Structures are given as structure tokens and as C-alpha cells.
Amino acid sequence: MTNRSFKVRFYKTEVYKGKRGTTYTVRWSVNGRRHGEAFKTAASADSFRAVLLVAANNGEPFDQDTGRPASHAAPAAEVTWYDFALRYVDMKWSRISANNRISTAKALTKATLALLRAEPTQYDPVDVRKALCEYAFNKNRRDEAPSELRAILAWIRRNSLPMSAWEDTKHVDAVLHALDTRLDGTPAAASSAKRYRRVLNVVLRYAIRQKVLADNPLPKGRDENAAPKTSGTGAAERRSA
């Protein structure tokens, strides 16, 4: 990965005494981006901090997203979501129907846009979705993308978060919100949201089999993140999903 920096700064370990006990949080930053790791004992916090200090003193670059030294990088930190999604499409392409390919492309497009370091505001949103849905996640047309769409896809590849983003509930919630929302910002039909969630569950189970992720971060069963109930279905739903 290229999202690494040698600019690492360490701060004093924070001690918090709460009703459930005392926690010790190691604080540090990578290129100005703050990170923290909480422990139940001072000894564990000191040990973890010492490991980070040794890595920094040895001249190791640190990942700006995870905060960890390069030598500690897990598979999830070494591959971006976008590249993994492309890999999944290529693996699955010949095994699924045309309708399933469309649902897969739409679900991956929504997830990809939610897993970017920044919003691609310099591009037309319609072009961005077209580049992803009609070309990147279509194995048969990927190499046929017009030059202006290839430029968009190159930007997305550079700005896609690593697979380790799935370990952060903030990013998981962002993906769930994207699946549950139409292009105009209104709630998506429950059938569409459930269909996209099923697609992502299959993708993440594949990530587990490939040892890129340890667990499936998507919520199990009904909870506060359940797909919204709406009555809008049919052609209008398919156009705006």
C-alpha cells in the first residue's frame, strides 16, 4: 500500500477510571491522524506502546488508516476494498445469472462509494456510478470503459479504503446507509436493500475464506440497522436504486 508515513508521534497514555474499571489508552498519530488503543491494565498498554516505539525507532513506516507499523499489517490492510471487489467479480462472473450480475454490480457500487477516503466531487455522480456499475464491475466490459471513465476508476482505486475498514463500525454503518438509500437520498425499497445486503454478505464470506477478514462485520438478524420498510417497488425502484 502507499498510504503509509514515517511521521509518527506518541502521546501520554490516557487513564480513565470508570464504573466498570480503569482503562489505559495508548495514543499516537500517523502523519497527523490520531489513533488510540485501550487496555485493561497499565502493563498491557505499556507493552503495546513499546512495540510501536520500537517500530518507529527502527524506521518503519506506519499505515495512516490502521495506525500500525508496516510489519504488523494484516491481509485486510494490504488490499483495498475496490481491488478486492474486482477480484470477487472476476471469481463469481461465470457462476451467476445476468440478473445476479446486475444486483452484484449495484451493491458493490454502493459499497465502493461508501468506502472512499474522500468523495469524488470533481466528477459527475452519474458518471461515477456508471464507471463502477457498467464497467468496473462488469467483467466483459471493464476494458471497454471510455477514457473519461477510466480516469474516474483510477481515482477510485487510489482513494479506496483498505479491507481493514470493515473492522471499523463507522465504515460498516456508512455502507449500510448507502445500501438503504436511493440516489436522491430517500430510503430505498426494503426488497432492494435486502438484496444488496445478501450480495455483500456473500462477498464478505468470500473475504473470510480468502483470509482477508477474520469475521463478517455485517449485523446478524434484525436490529437498528435493518433495511427500511417502504412500499415503493417496481420500475421506479430499479431506476433509482
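**Two serines and a helix pair in a predicted model**

Colleague: In this predicted model, where is Ser160 found?

Modeller: Helix α6 covers residues 147–159, and Ser160 belongs to the stretch that follows α6 and leads to α7. The place of Ser160 is therefore the loop between α6 and α7.

Colleague: Is Ser160 buried or exposed?

Modeller: Leaving aside its neighbours within four places in sequence, Ser160 is in contact with Thr80, Trp81, Tyr82, Leu115, Leu116 and Arg117. The relative accessible area of Ser160 is 1%, and because buried means under 20%, Ser160 counts as buried.

Colleague: Which residue offers its backbone nitrogen to the side chain of Ser160 at 3.0 Å?

Modeller: The contacts of Ser160 beyond its neighbours within four places in sequence include Thr80, Trp81 and Tyr82. The backbone nitrogen that the side chain of Ser160 reaches at 3.0 Å is that of Tyr82.

Colleague: Ser5 is placed in strand β1, residues 4–5; is Ser5 buried or exposed?

Modeller: Once its neighbours within four places in sequence are left aside, Ser5 is in contact with Val30, Asn31, Pro61, Phe62 and Gln64. Its relative accessible area is 9%, and since the limit for this class is under 20%, Ser5 is buried.

Colleague: What separates the C-alpha atoms of Ser5 and Asn31?

Modeller: Asn31 is among the residues in contact with Ser5, although the two are 26 residues apart along the chain. Their C-alpha atoms are separated by 6.1 Å.

Colleague: Which residue has its backbone nitrogen 3.0 Å from a polar atom of the side chain of Ser5?

Modeller: Ser5 itself lies in strand β1, and its side chain carries the polar atom in question. The backbone nitrogen lying 3.0 Å from that atom belongs to Lys7.

Colleague: How are α7 and α8 oriented to each other?

Modeller: Helix α7, residues 169–179, packs with helix α8, residues 190–209, at an angle of about 140°, and their axes are 9 Å apart. Angles over 145 degrees would count as roughly antiparallel and those from 65 to 115 as roughly perpendicular, so the pair is described as oblique.

Colleague: How many charged residues does the contact of α7 with α8 have?

Modeller: From α7 the contact draws on Val175, Leu176 and Leu179, while α8 contributes Ala193, Tyr196, Arg197 and Leu200. Six of these residues are nonpolar and none is polar, and the number of charged residues is one.

Colleague: What share of the contacts in the chain with a separation of 6 or more comes from residues 24 or more positions apart?

Modeller: The chain contains nine helices and six strands, and of its 241 residues 41% count as buried. For the contacts with a separation of 6 or more, the share from residues 24 or more positions apart is 62%.

Note on methods: Residues are numbered from 1 along each chain as its sequence is written. This is a predicted model: local features need pLDDT of at least 70, side-chain atom pairs count only at pLDDT 80 or more; totals for chains, interfaces and linings use all residues. Side-chain values use heavy atoms; hydrogens and water are left out. Axes are lines fitted to C-alpha atoms, for helices over the stretch in contact, and angles run from 0 to 180 degrees between N-to-C directions. Helices (H or I, at least four residues) and strands (E, at least two) are DSSP runs, numbered from the N terminus. Angles under 35 degrees count as roughly parallel, over 145 as roughly antiparallel, 65 to 115 as roughly perpendicular and the rest as oblique. Contact means heavy atoms within 4.5 Å. Ala, Val, Leu, Ile, Met, Phe, Trp, Tyr, Cys and Pro count as nonpolar, Asp, Glu, Lys and Arg as charged, and the others, Gly among them, as polar. Buried means under 20% relative accessible area, exposed over 50%, partly exposed in between (1.4 Å probe, protein chains only). A polar contact is a pair of N or O atoms within 3.5 Å; within protein, one must be able to donate a hydrogen and the other to accept it, and residues adjacent in sequence count only if both atoms are side-chain atoms.
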